[in-house]
Amino acid sequence: MKPQLTEIRKFTDSLAFMNLPVFNYIERNDFAIVRVEELGMKTPHNSPVFRPDHFNIIVVPDGNATYLVNDRIFEISSNHILFIRPDTFLSYSWLHIGRAFIISFSTSFFLQFWASGIDEIHRLSSCKGYIINLTEEMMKNVEQICQNIYQETISQIPYKYELITNLILNLLLLIRRQQQTKQQEMPISNSNPYVMQFLLDLENNFSTIISGETKVLLRAKDYANLQNLNENYLSKIVCTHTGKTINQWIHEKLINEIKFLLKYTDKPMRKIASLYGFNDLNYFYNYFKRHTKNAPGLFRKSFNV
């Protein structure tokens, strides 16, 4: 059975949708921390598909879960941390819950309480999801950081969110150090502020489409206008810093979005086409086939076999 695709964006809304408790200590819709074992999930617990507008850090000292982030499957077991960026199709299944934390926060949360922390987020891998495996000793330290975040969250002390963002930064620094020991990567997300903004605008456009807020698929000129830039100038720096043109980014993102809906939902083909502004179903078929060498119907059928 395919997971249900929802239009829910906020973490607390996702809890309420699954009839899980939204604790009183969660005071904001741009930050939350929960102890997974306190949610009362009956395992196996399978979530619908969300497209969060926030970052997620899943810290698992003891547990077992499977997370689907866009098209990538992450198997989480004890001593793992999973970092997930906003604006990605996300679903999960918890199989065993011993001790685990979910920390969610938005960009606006960091901008309000520790604006420079955004730079650290940008230095992380540009992948939508990234998993690291820690030693037991390292996980003890990470679990203590999570406990401190939790204790600050339920407290009433002044300036607690400044303290919380500082603690989250400690987690992000640890994740980045682990990334650096595994691979030498050339991140594109922080290479140029205009490129970074274009990628954020790209994600935002597709998020508002899937949520039904708009049916307008932005083009290169639109992205340039959003930054008050000349189209040719933005196109040049995007291509220089990423190796792909703006149109290539748009087409790649559009195809990946369509693929996800074909794979993981039962949405009729005509509704998927209409969602992304294809009024002519034949044109939608031809567009998909031109970029994938496969018809959308056959792609869906082959995935379900």
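The exercises below walk through parts of a predicted model, each with a worked solution.

**Exercise 1. The hairpin of strand 3 and strand 4**

Task: Find in which sense strand 3 and strand 4 pair, and over how many bridges; then find the bridge partner of Leu-68.

Solution: Begin with the two elements, strand 3 at residues 55–69 and strand 4 at residues 72–76, which pair in the antiparallel sense over five bridges. Next, look up Leu-68, whose bridge partner in strand 4 is Ile-73. Finally, turn to the connection, where two residues stand between the strands of the hairpin and Asn-70 takes a positive phi near 55°.

**Exercise 2. Two aromatic pairs**

Task: Decide whether the pair of Phe-113 and Tyr-161 is stacked, edge-to-face or tilted, and do the same for Phe-260 and Tyr-264.

Solution: The structure holds 24 aromatic pairs, of which these are two worked cases. For Phe-113 and Tyr-161, the ring centres are 5.4 Å apart and the planes stand at 40°, so the pair is tilted, given that planes under 30 degrees apart would count as stacked and those over 60 as edge-to-face. The next step is to place the two residues: Phe-113 belongs to helix 2 (residues 107–113) and Tyr-161 to helix 5 (residues 160–182), so their pair ties together parts that are 48 residues apart in sequence. Both Phe-113 and Tyr-161 are buried.

For Phe-260 and Tyr-264, the centres lie 4.7 Å apart with the planes at 45°, so this pair is tilted. Here both residues sit in helix 9 (residues 246–264), four residues apart, which is about one turn of the helix. Since buried means under 20% relative accessible area, Phe-260 at 3% is buried, and Tyr-264 at 13% is buried.

**Exercise 3. A ring cluster and charges over rings**

Task: Name the residues that ring pairs link into a cluster with Phe-113 and Tyr-161, and find which ring the charged end of Arg-28 sits over.

Solution: Following the ring pairs, one arrives at a cluster that holds Phe-31, Phe-55, Phe-83, Phe-105, Phe-109 and Phe-110 together with Phe-113 and Tyr-161. The charged end of Arg-28 sits over the ring of Tyr-161, at 5.1 Å from its centre. Elsewhere, Arg-51 lies over the face of Phe-89, 4.7 Å from the ring centre.

**Exercise 4. The cavities**

Task: Find how many cavities of 30 Å³ or more the structure has, and describe the lining of the largest cavity and of the second largest cavity.

Solution: A search of the whole structure gives two such cavities, and the largest cavity holds about 130 Å³ of space. It is lined by 14 residues, and those closest to its centre are Phe-11, Ser-14, Asn-56, Leu-90 and Tyr-92. Helix 1 (11–17), strand 3 and strand 6 (90–105) each supply at least two residues of this lining, which by class has nine nonpolar, three polar and two charged residues.

The second largest cavity has a volume of about 40 Å³, and its lining includes Phe-11, Arg-28, Phe-31, His-54 and Phe-105. Helix 1, strand 1 (31–35) and strand 6 are the elements that give two or more residues to this second lining, which divides into four nonpolar, four polar and two charged residues.

**Exercise 5. Glu-137**

Task: Determine whether Glu-137 is buried or exposed, and how far it is from Asn-79 in space.

Solution: First locate Glu-137, which belongs to helix 4 (residues 136–154). Its relative accessible area is 51%, so Glu-137 is exposed. Last, although Glu-137 and Asn-79 are 58 residues apart in sequence, their C-alpha atoms are 9.5 Å apart in space.

Terms used: Residues numbered from 1 in each chain as written. Predicted model: local features only at pLDDT ≥ 70, side-chain atom pairs only at ≥ 80, totals over all residues. Heavy atoms only, no water. Pairing = 2+ DSSP bridges. Phe/Tyr/Trp six-rings, centres within 6.5 Å; stacked < 30°, edge-to-face > 60°. Buried < 20%, exposed > 50% of the residue type's maximum accessible area, 1.4 Å probe, protein only. Lys NZ or Arg CZ within 6 Å of the ring centre and 35° of its normal. 1 Å grid on protein atoms, 1.4 Å probe; cavity = no way out; pocket = protein on both sides within 12 Å on 5 of 7 lines; lining within 4 Å. Points joined across faces, edges and corners; volume = space filled by probe spheres on them. Nonpolar A, V, L, I, M, F, W, Y, C, P; charged D, E, K, R; others polar.
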